[in-house]
Every structure is written in C-alpha cells, then in structure tokens.
Amino acid sequence: STNSIQAAPVAVAKSVTAMAIAKGAAASGSTLVLAKGVLKAMAWAKVKMAFGITAGILLAAGATTLVISQTTNGDKWTPQEIAQQAQDAYAALTSYSDSGTTVTEMAGKNTKTTFNIRLARPNLYRIDSIMMAGPNGLKGAAWSDGSGDYFDPGTGKEKMKDMQTALAYATMMGNSAIAAPEIFFKLTLGDPMSYIVTGKVETKREKDGQVGDVDCYVITSVMDTAKMRAEGTLPDGVGKMGTTTRLFWIGKRDHFIHQIQSSVDLSSVDLASTTLPSPARLSDADIKKLLEKENKPVTAEAIAAMRARLEALSNKMQSMMKGKVIVTETHERIVVNKKFSPTDFQKAQ
C-alpha cells in the first residue's frame, strides 16, 4: 500500500492534463472533469518522479537570511557532492516559500503553469497552481495546516492519506514543483537529489550556467526506469515509463535548485504498463458524481453523454502521447526561515 498512489513522471502527467488545451478542448467543464474524474478515478498514476525547484532569492522582511559560504572546492565537486550540498541546504531550513512558472512543450504547443509553494516544519505545506488554458485557468492545490493532508483540483477538497499522496495528486494537476517539498521533508519517494547522491541514476557535470543573475552548477541526471527496475532500485509495480533526462541548475552560494529542465520521450513509454483504463470502465455512480459536481441533471441520457465525452477526450490524449515532452521549471522570490503559523497554510474557501 505504500506505493499504491504515486504520480507518473511529471512530463507525462502534465502532458495528459494539457491535452485538452493543446487540442482546443473546453478549458473548464470537461477538462476539470478529466483532471478530477478521469485521472483520479482511472487510477492512472504508477510512478512517482518529481521534477522540482527553484530560481532567484529574495529575502522578505521578517525572514532570516540564510548564509552559506562559497566553497573554493566547488569547481572540483562531483554531481553527487553538488546534490548532497543541495540536500543539506534544504535540511537546514525551518521554512521555505517561493513562486515560479513551469512551461511544458508538447506537440508543438506550450502550456504555462504558475505555482506558489509554502513549507514549514514539522509538516505544514501548501502548493497552489494555475495551469493557463486560454482565457481560463485550471486551479489545483495540495496542503496541510496540521489537521491532515488535502487535495483540491478545483471542484472541492478531499482528504488524502498522507503528504506523499497529496503531492502525487498535485502533479496530476500539472504542478511538477514538488521536488522542494520532497527534499525539505525528506520524503522517501521522488527526491531527485537522493537519486543522484545514492548513485541510482546516471549523472554528469555540465558547464556552469546562470538562472537570472544566480551563478549555478549544472548537472544532468538520466533516469532509465527499465534499467532501474532490473537493478531493483524502483518499487514493485512501476511501469515502463521510458527514460527521463533532467538538467539541474543549483546555486553556487545557496545550493538550492534554481531550475530544472526535464525531457521524456513518450514514444518509449509503455502505456499498457501505466494502467490507463478507458473512461468506459467508470461506473454509472462515478459518472453521476461528476454530473452532480457540474450541477447537471442526472439522467440516463446525461450519463451516456458524459461517458462519451470523457472517452473522446481520453482517446485524443492517448493519440498525442507520442514524441518528446520538455518541461522547464523556474522558481523566483524565494524566502527562507520566515515564521509561519498553521493558518498560513489553510486553503482559501
């Protein structure tokens, strides 16, 4: 049961959520139904691979300045040593917040998601995201104010069994910015730095670069799920999700991850292994709940029409699961060690 709810690689999850946008489907209504009803009810997620975090530091009033001295040995660090520095930097924080954008390039279309992250120990977090869909935006949120873990895709909150599950559902709403929470809280699944530090993925140090005016180390990781399954470094039940390549820009002074660019070749993804059932398998009771949430009459005709709409949208999405998806995520306005209270993490009604 530990691995029963895990999000698929974010590039894939975001591509599915963005399908209706890329092909001009309605941004509200059916897309929200898909995000909440199809992705969740179809139990599509099998793998948890978060692509996560950060760019640009602004220390707001009331926040404590985090000082990490520049090390002269940095030019000689291996990718594993750079990743370890990043883990240590997040571990030293009492709180963290930022905002940023994610741009997904797929099938000749770009989809932009904005997000806000707020974290505090021991278990407070809030992640809000808005995926732009023409004139509309698809809103999603995952949070805990200490009373439990929750997820809301824009149609009402639901209590999750734990933080890992709530973050997994957040990725399905196009919010890939969950690496920071996973590193900050030392979650066992999805921490991209942990994969690098422990040598579970192939890594390479690239030429140093910049994100904005921040000087960064740049490292590459290549996650081959087929190879990792063979080596036993992925949980049982993980499907054949292909190979994901990620570039990390890690600040030389603060050691935070300022940007990630992830790419996955969808043609290498075994869709059968992702357990992506047809919406036709949804029960009438499931369809009824979706209609009720859209405030539509529940009739036999309405149920049949809704099922047909979801089926058509799902078929369109699967037909587009080809080629390469590139996700570029940049974080800004980072604030660390600011004092928060539980009310700062409550989801606005």
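## A buried charged pair

Let's start with D128: its relative accessible area is 18%, so D128 is buried (buried means under 20% relative accessible area, exposed over 50% and partly exposed in between, with a 1.4 Å probe and protein chains only). This is a predicted model, in which local features need pLDDT of at least 70, side-chain atom pairs count only at pLDDT 80 or more, and totals for chains, interfaces and linings use all residues. Residues are numbered from 1 along each chain as its sequence is written, and side-chain values use heavy atoms, with hydrogens and water left out.

D128 sits in strand β3, residues 124-133 (helices, H or I of at least four residues, and strands, E of at least two, are DSSP runs numbered from the N terminus). The partner of D128 is R126, which forms a salt bridge with it at 2.7 Å between the closest N and O atoms (a salt bridge is a side-chain nitrogen of Lys or Arg within 4 Å of a carboxyl oxygen of Asp or Glu). R126 is buried as well, with a relative accessible area of 18%.

## The other salt bridges

In total, the structure holds five salt bridges. Side chains of opposite charge can pair when their charged atoms come close. Another pair is K252 with D208, where the closest N and O atoms are 2.8 Å apart. K252 is in the loop between β10 (243-251) and β11 (257-265), while D208 is in the loop between β7 (202-205) and β8 (209-211), so this pair ties together parts that are 44 residues apart in sequence. K252 is buried at 18% relative accessible area, whereas D208, at 31%, counts as partly exposed. Add R205, and you have a network of salt bridges linking R205, D208 and K252.

R333 and E332 form a salt bridge too, with 3.7 Å between the closest N and O atoms. Here R333 is partly exposed at 47% relative accessible area, and E332 is partly exposed at 36%.

## The whole chain

Stepping back, the protein chain has nine helices and 12 strands. Of its 349 residues, 53% are buried. Take the contacts between residues at least 6 apart in sequence: 69% of them join residues at least 24 apart (a contact means heavy atoms within 4.5 Å). The accessible surface is about 14,600 Å², and carbon and sulfur atoms account for 50% of that (areas come from the Shrake-Rupley method with a 1.4 Å probe; for residues, only the protein chains shown count as cover).

## Cores

In soluble globular proteins, nonpolar side chains tend to be buried together. The largest nonpolar core here has 42 residues, and the ones with the most contacts inside it are Y96, Y125, M193, F248, I250 and I257 (a nonpolar core is a set of buried Ala, Val, Leu, Ile, Met, Phe, Trp, Tyr and Cys residues joined through side-chain atoms within 4.5 Å). Leaving aside residues up to four places away in sequence, I250 touches a list that includes I82, A86, M193, Y217 and I257. There is also a second, separate core of eight residues, among them L282, L290, L291 and I303.

Helix α8 (residues 284-293) has I287, L290 and L291 buried. They cover an arc of only 100° around the axis, so they are on the same side of α8 (the arc is that of the directions from the helix axis to the C-beta atoms). Right after α8 comes N295, whose phi is positive, near 60°.

## Backbone oddities

Most residues other than glycine have a negative phi, and most peptide bonds are trans. Two spots with a positive phi are K186, at about 55°, and N337, at about 60°. K186 is in the loop between α5 (179-184) and α6 and is exposed at 63% relative accessibility. N337 is in the segment after β12 (324-336) and is buried at 14%.

The peptide bond from R121 to P122 is cis, with omega near 10°. You'll find P122 in the loop between β2 (109-120) and β3.
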